[in-house]
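Trainee: I should be grateful for a close look at one sheet of this structure and the helices around it. Please then place that part in the context of the other features that can be described.

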Amino acid sequence: MGSKELCLERGVLKEEETVTEKQRSLGIDQVRGVASILPQCVKLADSEPLALQSGGDVVIGGLFPLHFVAPKQQNSYHSKPQLTPCKGFDHRAFRWMMTMVFAVEEINRNTSLLPGVKLGYRIMDSCDHVHTSLRALMSLVSHSKAWMGELKQMVKTEKILDKPKETLPSCLVDYPVPAVIGLASSTPARAVAHTLGPFNIPLVSFFATCTCLTNKDSYPSFLRTVPSDLFQVRGLVQLVTFLNWLWVGTIGTTDDYSQYGIQAFSSQFKKQGGCVAFHLIIPKSPSVTELQDIANKLQSSTAQVVVVFATEGQLLDLFLELAERNVTGIQWVASEAWVTASLLTSPHFHPLLEGTLGFSFPGVMIPDLEEFLLNVRPSPKPGHEFVNMFWEELFGCRLEFRGEGSKEREADTVNNVELDAFGYKSDSRNNSLSLARPVIGKTTSVNGSTYENYKGAAEKPLCTGSEDLRFTESSYNDVSKVRISYNVYKAVYAIAHALHTLLKSDSAGHSKSFTSSQLLQHLKKVNFTNQFEEKVYFDSNGEPVPLYDIINWQKDSEGKIRFVKVGSYDGSALYRQQLQIDHSTIVWTEGQSQVPISQCSAPCLPGTRQARRLGEPHCCFDCLPCADGEFSNQTGSTECTKCPEYHWPDKEKVKCVAGVEEFLSFHDAMGIILVALTLLGVVLTTIVTVVFHRFRTSPIVKANNSEISFLLLLSLKLCFLCSLVFIGQPSVWTCRLRQATFAISFVLCLSCLLVKTIVVLLAFRANEHASRALKLFGPCQQRSLIICTILPQVCLCAGCLFGAPSFPFKNPNYQASTGKIIVECKEPWPPGFYLVLGYIGFLAFICLLLAFLARKLPDSFNEAKLITFSMLIFCAVWISFIPAYVSSPGKLTVAVEVFAILASSFGLLLCIFFPKCYIILLQPQRNTKKGMTGRT
């Protein structure tokens, strides 16, 4: 198989003559050709972007944001657009770029990894923008004119030397670049990944963390050595909630990284009970007015914690504005995009950014990387433009080279051993740092105007080229613990290991060709442990294990900001074991040692609850005291808790105490008074009984029906004694007996009075008319009437006792006013109680009516008048009892009932029996039949 047939088979070269003829037929004979298996493309620009490149059997592409300000597209469509240089050189991104070079060189020196295969690279500047990234990508995956010339020269050499194909460099892959490493931002990464996906060209990102890139339907060939923002967001939410920051603001930009990150953070943060005070967006090219508006909102907000998803270049102008205003006291929570950005650690930002806390990727110290970076030197050779840019930017000078690059190249060659631009020797396998090389072979020229425009004003002092990087301080040579550079390092090694498994030599030592699709499949399955004992592999989404360091910005003894690890986050661990943080080592904003407080409203103290303000987030609230019977014993309670039954909150409403049981006790002053009155009534009733028994044969006793009088005295004694059942702690038996004894005793008393009234009424009317009526109402009839009047009350009480008996009840209704629980007897059927009282009232009314009719009967001692007066007192007491009973609170209800019993009993005793005792004891001359009737 001939050499031309070889390249055609591998999709590397088409017949240049055929391509040229087609171009001429189309009238575009001066346009640079692009030969590949892809359709023929025509480049708009008149020159190619700059590239740092080195040839090899397999060339890995690289896209790095060497500049962070991309030029605006201004196409007139009347002439070919020129390449406009980007601005804002990023020293840290240049370190990432050189780390890829270092990793490729290290792999090429490794005899156990990819033996017999030399890796090359072609690295370009993405300028951290979509259109510049895509333009660089097109240059990467397309065959440039220089590359085509190189391959054509190789074919001619093969024909002249007539060497077998095994001695020539191998065409191992169908695309100039079978895999691409790069893109630090998610928006350009999405554009590039979307472009490469249909061709199955792997894109391995070292810093694009947007969760949107996890979608394998849209980005099938995208992988990354950096975890998705999904895990970082989870960690940030855990961090801020762990520190009790539930009122935070967010700042982002218009790119996908910020929008997806902040959206996910806000959503998860709200689920954890947090509130987002504000969300500020930094435009792509913010004006002074826009920056001032953002700064004003930051200063006016009550949120003291701000979570930021952006890059240092996007934040620089805002932080300059805030620093000029001398804004302090904000606790910044940084995403991994800027938490280790040295650009923001200048003394100008110290008052603003000291104490910043954020997530970063684990850092390592890569052996020999520092020495490699410090040996970088500028060179006049084409392809060294990035290094020269860095040199002029770092030392503030301008380079001026003279002479032909070929002569300088010859001067650097001794004994067929080449010195590369970084001071490393390179042999036949390790000569990849000759930056002038295209993909394979010799140097290619780069349009000079682009570089000249970048070099800037001529008034800068000249650089000698021998300046020492060891005496400079920048993010470029800060490699004590590299993080993003380590992700680049892992990406290179992941591709190398995938190639190693793919390109296995046969017994003859020949390497086989492969496609980008095959490389992608092996890359997805790569699994190895690197020299740092880290296991490198990709999950089903093409992502690594989510490990983060928690970084704190602290001042050292020299007053410089250092990135200090104060914790870690492992997204693959159990939930409660994911976040590990050491409080004691953290320095907070303004150098404080106490955790800052960020809250819309201060947490409600115990004894109060939160009341959300209308139209505001739930973190903004007022504090209201707990309602009666409720308490809260925690700070920040959203609801008060009701105390258990028979318990009551203390004065501060921070705890519940057992309610004090209250009842009419024998030890209370009121109880003692009522007991004394009861005993007095019993004693007086006993004395009257003794007097009546002693003078039972006297006319006054006999005239009043002594049997009924003694029965009446007995009922009065029972009335006095039943009041004792109402005093003391209620029990089952006292509750059942108190109303029954009270009702029956008073009915017995009123029955006796009714009989006495009837007897008096009939006796006097019999004297006037006839004695027949009195004879008809003899002792038997009187006893029968008493029994008949008592029987309904007995039946009513028996029905209540058996059907709905009273029972002890703890009444908490008065806890709100007194804090005490009233122990009382509860009437399950209140109508029964009122029926009992109604029957007593009915008998009292009959007695009063009959006595009133007999009040003017002719008798010197008219007992009807005494009964009338006693009934008036009785009715007055019980009529006033009803409203007093209903309105009296607590134990006073019982006291009112006892007082009514005693008052009515004393009224009956004093009105009916004391006048008679007065006559018996003090006026015995009236205790005669003549004295009683007034007749001889």
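Mentor: What follows begins with the sheet, turns to the helices that pack on it, and ends with the salt bridges and the other parts. Please keep in mind throughout that this is a predicted model.

The sheet in question is open and has 8 strands, in the order S10-S9-S11-S12-S13-S19-S20-S21, with mixed pairing. At the two edges stand S10 and strand S21 (579-581); each has a single partner strand, so one side of each is left without a neighbour in the sheet. On average, and with direction ignored, neighbouring strands of this sheet are turned by 25° against each other. As general background, the strands of a sheet pair through backbone hydrogen bonds, in either a parallel or an antiparallel sense. The pairing of S9 with S10 is parallel and extends over 6 bridges. Within it, Val-248 stands opposite Val-276 in S10.

Two helices are described by their angles to these strands. Helix H8 (residues 256-271) lies across S9, S10 and S11, and runs at about 165° to S9. Helix H10 also packs on the sheet, where it touches S9, S10, S11 and S12; the direction of H10 makes about 110° with that of S10.

Helix H9 deserves a separate description. H9 comprises residues 288-300, which is 13 residues, and spans 18 Å from its first C-alpha to its last, close to the 18 Å expected at 1.5 Å a residue. Which residues of H9 are buried? They are Leu-291, Ile-294, Ala-295 and Leu-298. Seen down the axis of H9, the buried residues fall within an arc of 100°, so they line one face of the helix. These buried residues pack against strand S9 (247-253), strand S10 (275-282), strand S11 (305-308) and strand S12 (331-334), as well as against helix H10 (312-324). H9 thus joins the list of helices in contact with this sheet: H8 touches S9, S10 and S11, H10 touches S9, S10, S11 and S12, and the buried residues of H9 pack against those four strands.

The sheet also leads to the salt bridges, through strand S19, which stands between S13 and S20 in the strand order. The side chains of Asp-549 and Arg-483 meet in a salt bridge, at 3.1 Å from N to O. This pair links distant parts of the chain, 66 residues apart: Asp-549 is in strand S19 (residues 547-555), whereas Arg-483 is in the loop between H15 and H16. Asp-549 and Arg-483 are both buried.

A search of the whole structure finds 20 salt bridges. One of them joins Glu-371 to Arg-470, with the closest N and O atoms 3.0 Å apart. Here, too, distant parts of the chain are linked: Glu-371 is in helix H12 (residues 369-374), and Arg-470 is in the loop between helix H15 (448-455) and helix H16 (484-502), 99 residues apart. Unlike the buried pair of Asp-549 and Arg-483, Glu-371 counts as partly exposed because its relative accessibility is 36%. Arg-470 is partly exposed as well, with a relative accessible area of 45%.

A further salt bridge is formed by Lys-891 and Asp-668, whose closest N and O atoms are 3.0 Å apart. The two residues are 223 residues apart: Lys-891 is in the loop between helix H27 (863-887) and helix H28 (892-922), and Asp-668 is in the loop between strand S28 (660-662) and helix H19 (669-694). Asp-668 is partly exposed, at a relative accessible area of 23%. Lys-891 and Asp-668 also belong to a network of salt bridges that links them with Glu-662 and Lys-820.

Another open sheet may be set beside the one you asked about. It has 6 strands in the order S1-S5-S2-S6-S7-S8, and the pairing is mixed. Strand S1 (51-54) and strand S8 (222-224) stand at its edges with a single partner strand each, so one side of each has no neighbour in the sheet. From one strand to the next, the twist averages 20°. Strand S6 (residues 180-182) and strand S7 (residues 203-205) run parallel and are joined by 2 bridges; Val-180 has Leu-203 in S7 as its bridge partner. Helix H4 (residues 130-141) lies across strand S2 (58-64), strand S5 (119-125) and S6, and runs at about 150° to S5.

Methods:
Residues are numbered from 1 along each chain as its sequence is written. This is a predicted model: local features need pLDDT of at least 70, side-chain atom pairs count only at pLDDT 80 or more; totals for chains, interfaces and linings use all residues. Side-chain values use heavy atoms; hydrogens and water are left out. Two strands pair if DSSP finds at least two bridges between them. Axes are lines fitted to C-alpha atoms, for helices over the stretch in contact, and angles run from 0 to 180 degrees between N-to-C directions. Contact means heavy atoms within 4.5 Å. A salt bridge is a side-chain nitrogen of Lys or Arg within 4 Å of a carboxyl oxygen of Asp or Glu. Buried means under 20% relative accessible area, exposed over 50%, partly exposed in between (1.4 Å probe, protein chains only). The expected span of a helix is 1.5 Å times one less than its number of residues. The arc is that of the directions from the helix axis to the C-beta atoms.
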